[in-house]
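Here are my notes on this one, in the order I'd go through them with the model open. Have a look and see whether you read it the way I do.

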Amino acid sequence: MTVRRYLIAGNWKMHCRQSDGAALAADLAARVGPVADPRFDLLLCPPATIVATISQAVSGSAVSVGGQDCHAQAQGAHTGDIAADMLADVGAGWVIVGHSERRTNHAESNAMVRGKAAAVLRAGLATIVCVGETEAERDAGQAEQVVAAQLKGSIPDGAAATNTVIAYEPVWAIGTGRTPTLADIAAMHAMIRARLSGLVADPDAVRILYGGSVKPSNAAEILGLPDVDGALVGGASLKADDFWAIAQACP
Ligand code: PEP
């Protein structure tokens with residue numbers, strides 16, 4: 001049986017300046033210490049402007065740092081954009097791609113997400129590829145079909161458990177306090193696991209995170225489901241006690 005370590009990832013979105021971000025990161029780094037808990041890895045994804053600061057704040061601890069997005073190219077005339085290699089240069093080991101707020105607010109297609117994920121791998125970093133259906137798609141009975149198409153269209157060549165994590169985030173559950181039923185989460189994660197065959201080198205070893213209103217009160221039941229290998233956490237990642245309680249809920 002393949003053993004997958006949990007990954008608890010915090011997506012800070014457009015929150016935190018240097019001082020409050022560094023204090024939050026240092027608090028979590030002190031709780032983790034120099035050696036990761038045998039159950040989970042902890043990852044913080046702050047805004048790009050403070051990736052360097054947060055990397056310094058967690059140095060010497062087992063906490064990792066990532067970006068929230070990157071450009072598909074390594075350099076060039078792309079005003080306002082950031083290359084994966086630039087995030088690596090200031091301490092990031094990871095980049096989230098295809099978050100629903102990018103797909104919706106910046107009209108990112110599966111092909112664009114795939115290009116970004118490929119750029120992350122070329123830069124030698126690991127990527128979290130986000131997928132998830134809208135409420136209308138779920139109501140229309142199309143959730144699995146939509147997520148399957150996102151997986152097929154967004155996962156780059158060369159993806160493997162060492163460099164790629166999938167985050168299933170139903171769009172209607174992000175930041176709303178609503179979550180799917182545990183049965184619906186389990187069914188979607190099982191479907192994703194099955195669909196990874198042919199898309200990644202080692203489908204059984206790839207971590208599949210759940211994201212969407214994860215909080216201390218629901219973390220244990222969600223993280224206890226089969227094929228749920230961690231959580232991508234938005235709001236609750238901005239409070240050290242809440243984020244830590246979610247990590248502690250890993251079985
Ligand atoms: C997210 O933004 O990835 C997310 C899951 O947010 P929240 O936890 O606030 O729903």
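1. Let's start with the pocket lining. Helix H4, residues 100-105, contributes the most to the lining of the largest pocket, with three residues. Keep in mind throughout that this is a predicted model.

2. The rest of that pocket. Its volume comes to about 510 Å³. The lining is made up of 18 residues, and those nearest the centre of the largest pocket are Ala 48, Gln 68, Asp 69, Arg 102 and His 106. By class, the lining of the largest pocket splits into seven nonpolar, six polar and five charged residues.

3. Next, the runner-up. The second largest pocket holds about 250 Å³ of space. Its lining has 20 residues, with Lys 13, Gly 175, Gly 234, Gly 235 and Ala 236 closest to the centre. Here the classes come out as ten polar, seven nonpolar and three charged residues.

4. Now the cysteines. How many disulfides are there? The count is zero. A disulfide is a covalent bond between the sulfur atoms of two cysteines, and the cut-off used for the pair of sulfurs is 2.5 Å. For Cys 130, the closest cysteine sulfur is that of Cys 45, at 9.3 Å, so the two are too far apart for a bond. Cys 250 also has Cys 45 as the owner of its closest cysteine sulfur, but at 16 Å, which again is too far for a bond. Both side chains are out of the way of solvent by the numbers: Cys 130 is buried at 1% relative accessible area, and Cys 250 is buried too, at 3%.

5. One more cysteine, for its backbone. Cys 16 isn't a glycine, yet its phi is positive, about 85°. You'll find Cys 16 in the loop between E1 and helix H1 (18-32). With a relative accessibility of 16%, Cys 16 counts as buried.

6. A second positive phi to look at. Asp 227, also a residue other than glycine, has a phi near 70°. Asp 227 sits in the loop that runs between H9 and E8.

7. Helix H9 itself. Which residues of H9 (216-223) are buried? They are Asn 218, Ala 219, Ile 222 and Leu 223. Looking down the axis of H9, these buried residues fall within an arc of 125°, so they line one face of the helix. The spacing makes sense for a helix: an α-helix has 3.6 residues a turn, so residues three or four places apart point the same way.

8. What does that face of H9 pack against? The buried residues of H9 pack against three strands and two helices by name: strand E1 (6-11), strand E7 (208-211) and strand E8 (230-233), along with helix H8 (182-195) and helix H10 (240-248).

9. Last, Arg 195, which belongs to helix H8. Is Arg 195 buried, exposed or partly exposed? Its relative accessible area is 48%, so it counts as partly exposed. Leaving aside residues up to four places away in sequence, Arg 195 touches Ala 148 and Leu 151. Arg 195 and Val 147 are 48 residues apart in sequence, while their C-alpha atoms are 9.7 Å apart in space.

Terms used:
Residues numbered from 1 in each chain as written. Predicted model: local features only at pLDDT ≥ 70, side-chain atom pairs only at ≥ 80, totals over all residues. Heavy atoms only, no water. Buried < 20%, exposed > 50% of the residue type's maximum accessible area, 1.4 Å probe, protein only. Helix = DSSP H or I, 4+ residues; strand = E, 2+ residues; numbered from the N terminus. Arc of directions from axis to C-beta. Contact = heavy atoms within 4.5 Å. 1 Å grid on protein atoms, 1.4 Å probe; cavity = no way out; pocket = protein on both sides within 12 Å on 5 of 7 lines; lining within 4 Å. Points joined across faces, edges and corners; volume = space filled by probe spheres on them. Nonpolar A, V, L, I, M, F, W, Y, C, P; charged D, E, K, R; others polar.
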